[in-house]
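Biologist: I am new to reading structures. Please take me through this one step by step.

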Amino acid sequence: MDLYCTDNDCYRAGAKIIKVEYLIVHSPAVYPTIIRVRSGAGGGWYKRWNKPGVEKLVHGFIDDTGVYNFAPETMACWHIGNNYGNARTIGYELCELSSAGEFAKVWDNAVSRYAALCKKYRLGAERILGHCEAHDKKIASNHSDPEPYFKRFGKSMEDFRADAKKHIDGAQPGRMTAGCGRYAAGGVAGAGRGK
């Protein structure tokens, strides 16, 4: 769903992506505060980011209710603290929720979205990076997300890429259950820094 942050400073600047080379996975590192896209502390992420004076911007947020686009994919959002990276990446924040069931829904929504972006931009799953991994490639600022969020539920970026690859390859990976380590179909998931 499109919820463009048209009042955000980055959105108003309107810079364009040069070429999509990587897809970046973020988490906002505000847990135990629970904030969804349109509800929670401060009225939700959309309300917090859609106003003048806010310079950071991601392409969207993903929570347990769906995927919400805050900017067009063609926009160079200010989300990884590096001009080179901002001009060559698409990034979404995964809302940090508290229960395993909520996490499973966020995970499934995110895996589906990132797999669809890989197909669209003809990228392999290895081109999906956590913010921390993008820093290691010197295209992002030094953050640890999303690993701390994933680790709380026994997951990692390797697991995320593996599930996205199943989608890219056309497999039906199954939905994550509340236990987060097992799938309703498709076998067993692999075993499993703040902003």
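**A guided look**

Biologist: Does lysine 138 count as buried or exposed?

Modeller: Lysine 138 has 69% relative accessibility. Buried means under 20% relative accessible area, exposed means over 50%, and partly exposed lies in between (1.4 Å probe, protein chains only). On that scale, lysine 138 counts as exposed.

Biologist: What kind of model is this?

Modeller: Residues are numbered from 1 along each chain as its sequence is written, and side-chain values use heavy atoms, with hydrogens and water left out. Local features need pLDDT of at least 70, side-chain atom pairs count only at pLDDT 80 or more, and totals for chains, interfaces and linings use all residues, the model being predicted.

Biologist: Where is lysine 138 placed?

Modeller: Helices (H or I, at least four residues) and strands (E, at least two) are DSSP runs, numbered from the N terminus. Lysine 138 has a positive phi of about 65° without being a glycine. Its place is the loop between H5 and H6.

Biologist: What is the relative accessible area of arginine 122?

Modeller: Arginine 122 also has a positive phi, about 55°, although it is not a glycine. You will find arginine 122 in the loop between helix H4 (100-121) and strand E5 (128-130). Arginine 122 is exposed, and its relative accessible area is 79%.

Biologist: Which residue does a cis peptide bond join to tyrosine 31?

Modeller: This bond has an omega of about 20°. The partner of tyrosine 31 lies in the loop between strand E1 (22-26) and helix H2 (45-49). That partner is proline 32.

Biologist: What is omega for the peptide bond from aspartate 145 to proline 146?

Modeller: Proline 146 sits in the loop between helix H5 (131-136) and helix H6 (147-152). The bond that leads to proline 146 from aspartate 145 is cis, with omega near 0°.

Biologist: How many disulfides are there?

Modeller: A disulfide is a pair of cysteine sulfur atoms within 2.5 Å. By this rule the count of disulfides is zero.

Biologist: How far from cysteine 10 is the nearest cysteine sulfur?

Modeller: Start with cysteine 5, which is in no disulfide, its nearest cysteine sulfur being that of cysteine 77 at 8.9 Å. Cysteine 10 is in no disulfide either, and here too the nearest sulfur belongs to cysteine 77, at a distance of 4.9 Å.

Biologist: Which side chain makes a polar contact of 2.8 Å with that of histidine 26?

Modeller: A polar contact is a pair of N or O atoms within 3.5 Å; within protein, one must be able to donate a hydrogen and the other to accept it, and residues adjacent in sequence count only if both atoms are side-chain atoms. Histidine 26 lies in strand E1 and is buried at 0% relative accessibility. Its side chain makes a 3.2 Å polar contact with that of histidine 131, while the 2.8 Å contact is with histidine 79.

Biologist: Which element gives the largest share of the largest nonpolar core?

Modeller: A nonpolar core is a set of buried Ala, Val, Leu, Ile, Met, Phe, Trp, Tyr and Cys residues joined through side-chain atoms within 4.5 Å. The largest one has 44 residues, and Leu57, Phe70, Tyr114 and Phe160 touch the most other members. Elements giving two or more residues to this core include E1, E4 and helix H7 (157-168). Nine residues, the largest share, come from H4.

Biologist: What is the order of the strands in the open sheet?

Modeller: Two strands pair if DSSP finds at least two bridges between them. E1 and E4 pair in the parallel sense over five bridges, and E2 and E4 do so over three. Four bridges join E2 to E3, which run antiparallel. The five strands of this mixed sheet have the order E3-E2-E4-E1-E5.

Biologist: How many residues of E4 are buried?

Modeller: In a regular strand the side chains alternate between the two faces of the sheet. For E4, Thr89, Gly91 and Glu93 are buried on one side, and Ile90, Tyr92 and Leu94 on the other. E4 is therefore largely enclosed by the rest of the structure, its buried residues numbering six of the six.
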